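The following exercises are to be worked with the sequence and the model side by side. Each task is followed by a solution in steps.

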Amino acid sequence: MIFFEPIVNSFTWLNFSSTSLQPYLLATTNEAEYAPIVLTGVLLSLVVIYLASKIGGELSRMIDLPPVLGELVGGVIVGASALHLVVFPDSGAAGNDSIIMTVLQFINNLTPDAVTSIFQTQSEVVSILAELGVIILLFEIGLESDLKELQKVGYQAIIVACVGVAVPFGAGTAGLILLFHAPVIPAIFAGAALTATSIGITSKVLSEIGQLKSREGQIIVGAAVIDDILGIIVLAVVASLAKTGEVDVFNVIYLIVSATVFLIGSILLGKYFNQSFVAIANKLQTRGNLIIPAFVFAFFMAFLGSAIHLEAILGAFAAGLVLDETDKRKELDEQVKPIADILVPVFFVTVGAKVDLGVLNPFVPGNREGLIIATFLIVVAMIGKVVTGWSVFGQAGVNRLAVGVGMIPRGEVGLVFAGIGAASGTLDKPLQAAIIIMVILTTFVAPPLLRFAFKQSPETKESLEEANLMG
């Protein structure tokens, strides 16, 4: 405070007083004072997250389930549903709901206001690390994908994505209006929540079971990327409808054009960029001569995706596809893996931690209507995506069940729909709870179902054996 006194006094001729600046100066001082405590909270949160991730992943592996499922379950256990170690304000939690914050309050003798401030900042830091995790995951998936193979199934992926959006959206919206007499706009919003596919969860499972480069895997990944774009467009439409009662046609056209130009343009320009990237990497002599330029490109593409109102993960995926064509792909892939191992688990555990299984309790009267609606939404959500496998044509011997099952998980994308719907006041509590339950179930059943679906394919055993030998 002494440091600021000359500054405050120098402003007296502008009719400012030190008392008018006191709240600002106090806030600045508090932020500086709380910084070490915020760091302590983040470090403790990461300890919990990594333990949950590793224990959950290992247990899942032991019972022959995808490790990502264990990471999600681990997140549920340490999150809002059970231990309350890792909780977030955007899920409705307060500082005193967090066990970690209780520990910090005891150690540092914090006031309630300080707890609230530290909790919000600490949660933001963990959320940002989770977002970095999913960006790196999609960059890694792009590196592991084969652009030429993806182009071969491009038209199939478009068809699968369109069917996967149209069927659940139409069936969900119509069913809510006709069977449950829901108002039109909330029904449309809930139907829209059924359209998205979590590319992060599906692609991770495909990679773990050695099916990412299979025809089915390429169709699923391609369709999930397109599905994500369509989901953003649908979200823009229904959010505009909920807010103003009419659709902003210009915004919808802008999203469609920008998404198309961004993905196609980045891939076409990538052919010219590859040679420059390799030349730059070869000239650099210090540590990180390959990985640092790669992440500069990936983060810049992610920034562009976010800046044009798409998603950062689409930019990261496009960057991975571009660099997959370089001569440095294998070396780069090996260098990205350790970084992904550090940040990707933060994303999956965080997704699980934000889920509140309390909405599944039938003994709470307010949950019962939501459970009935959720049962309907789950059926539509699963059937609406499984049927997409049978929209694949011209691909002899393709595992259609695997394609359909791979489109099932909604993950964090569905939670975004539920959150925006609740924040705008469009969704009432039963419908919001029903969407959350649908997201939980589709997220958790998809990984084991996907593994089961691929076991029906004769090529799966050979792919897994090759993956094990390479590992």
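**Exercise 1.** Which residues line the largest cavity?

*Solution.* The model is a predicted one. Begin with the cavities: the structure holds three of 30 Å³ or more. The largest cavity contains about 60 Å³ of space. Its lining consists of S45, L85, V86, V87, F88, S98, I100, F119, Q122, S123 and V126. Next, sort these residues by character: seven are nonpolar, four are polar and none is charged. Finally, consider where they come from: helix 5, residues 112–144, gives the most to this lining, with four residues.

**Exercise 2.** Determine whether the end-to-end distance of helix 14 agrees with its number of residues.

*Solution.* Helix 14 covers residues 329–353, that is, 25 residues. The expected span is 1.5 Å times one less than the number of residues. The helix should therefore span 36 Å, and its end C-alpha atoms are 34 Å apart, which agrees. One further feature should be noted: at A340, helix 14 bends by about 40°.

**Exercise 3.** Locate K328 and identify its contacts outside its neighbours within four places in sequence.

*Solution.* First, place the residue: K328 belongs to the loop between helix 13 (312–323) and helix 14. Then list the contacts: apart from those neighbours, K328 touches V278, N282 and L290. As a distance to check, the C-alpha atoms of K328 and N274 are 9.5 Å apart, although 54 residues separate the two along the chain.

**Exercise 4.** State the confidence of the prediction, and where the pLDDT is below 50.

*Solution.* The mean pLDDT of the protein is 78, with 82% of its residues at 70 or more. Residues 1–21 have pLDDT below 50, and this stretch makes eight contacts in the model beyond near neighbours in sequence. Residues 23–27 also have pLDDT below 50, with three such contacts.

Definitions and conventions: Residues are numbered from 1 along each chain as its sequence is written. This is a predicted model: local features need pLDDT of at least 70, side-chain atom pairs count only at pLDDT 80 or more; totals for chains, interfaces and linings use all residues. Side-chain values use heavy atoms; hydrogens and water are left out. Helices (H or I, at least four residues) and strands (E, at least two) are DSSP runs, numbered from the N terminus. The bend at a residue is the angle between axes fitted to the seven residues ending there and the seven starting there. pLDDT is the predictor's confidence in each residue, from 0 to 100. Contact means heavy atoms within 4.5 Å. On a 1 Å grid over the protein atoms alone, a cavity is a set of points where a 1.4 Å probe fits but cannot get out, and a pocket is an open set with protein on both sides within 12 Å along at least five of seven lines; lining residues have an atom within 4 Å of a point. Grid points are joined across faces, edges and corners, and a volume is the space filled by probe spheres set on the points. Ala, Val, Leu, Ile, Met, Phe, Trp, Tyr, Cys and Pro count as nonpolar, Asp, Glu, Lys and Arg as charged, and the others, Gly among them, as polar.
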